Each structure stands twice: as C-alpha cells, then as structure tokens.
Amino acid sequence: MTTVFLSGSRRISRLNRAVRDRVQNIIDQDFNIVLGDASGADKSLQQFLAEKQYRNVTVFCAGNDCRHNLGRWPTRRVSVDSPLKGREFYAQKDRKMADEADYGLVVWDGKSYGSMSNVFELAKRGKHIVVYHSPTRAFIRVTKPEDVRIVLRFMDPDDYISIAKKYNINKHLEDLQLAPQGRLNL
C-alpha cells in the first residue's frame, strides 16, 4: 500500500484550504500516512486527520515519549543516540519516515531547515515530493534530485544563508550527486 510522509514547519500552525485539499486527496485514496509529533504543521496535520477520523496513520516519535498524537493512532518510537540534541535528535525519526514513505508532502514556511532536511532526505531516496511554499502559496513538485534546486530558489537570500550555516546545503546537494551551488547562485 502507498505511504505518504506528511511534514512541515513548526511555525505553521494552520492549514489553508489548498493544503487540506491535498491531504483530503491522500485520504480519498486510502493511503497510509506517516507523520511526526511536533508542534506546528505536524500538529495541524494531525488535527485535520483526527477531524476526518482517518485511521491509516502512524505517528513517529523520537525517544520515549510522543509530544502529540491527537488521533490516538499507532506510534513508532525511534531509538535515538543519547548524546544527540535538537534538530539532529528529531532528524533520526524523520529519516525513518523517509525510508518508509513512497511520497512526501512538506508544508514549508520557506525558512525551516527541518522541513528542508525532509525534502533532502526524501530526494536522496528517489521519492517524489510536493512542497507547499506557504509564503507564495505555491506547490512545487520534486520528481528528480535536481528539482530540489527549484525549492531552494523560493528561499529569501538571508534565510538561505541562515540555513546554510546550520545545515550544509552544499553537502546535501553533493549527496544528491548535484554540484554544490554558491549561496545565491541557485
């Protein structure tokens, strides 16, 4: 059965009609859904799925406790190396979801490097992704690794620099077997 990894930025606390319609399309096709337990988009996606009483959902959690599971769905706890903290702590859970998914839907604020990390992880695995860029209300399709560059073009240059410091974008482009880019040469 087809599995979709839903994720998004923690700064996004509401889903607009366009995103809800996309998720409804996933529901209508009776796909399995894997998603995380964070506040923001994860919680908003959970709330929508719970309102729809959709059952084909698994919530992934890093460590021992789930932060949010609004639909009381089955959970998958991902063991995390104990010294890890912050984004890298939760990234291990996200990599497991990327492994299991056939597709991804990422609701992105254009700033979150966690959401961008999910795009890279899915692309590395050859998965098709739809990224919803909330500032422009645009859906961006990523069907091949080089399409990740299209997503990066939606970033404000200052945000790109900020993310590049935390999350080595050139290294991840290399992992996709794409030549690294200059920070504004997208």
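A salt bridge is taken here as a side-chain nitrogen of Lys or Arg within 4 Å of a carboxyl oxygen of Asp or Glu. In this predicted model, D99, E121, K124, R125, K171 and D175 are linked in a network of such salt bridges. Side chains of opposite charge can pair when their charged atoms come close.

Two pairs from this network may be followed in detail. E121 bridges to K124, with 3.4 Å between the closest N and O atoms. The two residues are three apart in helix α4 (residues 113-124), and therefore about one helical turn separates them. Their surroundings can be described in terms of relative accessible area: E121, at 6%, counts as buried, whereas K124, at 32%, is partly exposed.

The second pair is K171 and D175, whose closest N and O atoms are 2.7 Å apart. Both residues belong to helix α7 (residues 169-175), where they are four residues apart, about one turn of the helix. K171 has a relative accessibility of 39% and counts as partly exposed; D175 is also partly exposed, with a value of 33%.

The structure holds 12 salt bridges in total. Another of them joins K93 to D94, with the closest N and O atoms 2.9 Å apart. Both K93 and D94 are buried.

Attention now turns to the sheet. Strands of a sheet pair through backbone hydrogen bonds, either parallel or antiparallel. Here seven strands form an open sheet in the order β4-β3-β2-β1-β5-β6-β7, and the pairing is mixed. The edges are occupied by β4 (75-78) and β7 (138-142); each has a single partner strand, so one side of each is left without a neighbour in the sheet. On average, and with direction ignored, neighbouring strands of this sheet are turned by 20 degrees against each other.

At the β4 edge, the partner is strand β3 (residues 57-62), and the two strands pair in the parallel sense over four bridges. Within this pairing, A62 stands opposite V78 in β4. Helix α2 (residues 41-51) lies across β1 (3-8), β2 (32-35) and β3, and runs at about 130 degrees to β1.

A covalent link comes next. The structure has one disulfide, which joins C61 to C66 with an S to S distance of 1.5 Å. The torsion about the S-S bond is about 75 degrees, so this disulfide is right-handed. Its two cysteines differ in accessibility: C61, at 0%, counts as buried, while C66, at 23%, counts as partly exposed. The latter assignment follows because buried requires a relative accessible area under 20% and exposed one over 50%.

The last feature concerns aromatic side chains. A pair of aromatic rings is described by the distance of the centres and the angle of the planes. A search of the whole structure finds one aromatic pair. It is formed by Y132 and F139, whose ring centres are 4.7 Å apart and whose planes stand at 50 degrees, so the pair is tilted. The angle leads to this description because planes under 30 degrees apart count as stacked and those over 60 as edge-to-face, with the rest as tilted. Y132 has a relative accessibility of 2% and counts as buried, whereas F139, at 27%, counts as partly exposed.

Definitions and conventions
Residues numbered from 1 in each chain as written. Predicted model: local features only at pLDDT ≥ 70, side-chain atom pairs only at ≥ 80, totals over all residues. Heavy atoms only, no water. Disulfide = S-S within 2.5 Å. Buried < 20%, exposed > 50% of the residue type's maximum accessible area, 1.4 Å probe, protein only. Pairing = 2+ DSSP bridges. Axes fitted to C-alpha atoms, helices over the stretch in contact; angles between N-to-C directions. Contact = heavy atoms within 4.5 Å. Phe/Tyr/Trp six-rings, centres within 6.5 Å; stacked < 30°, edge-to-face > 60°.
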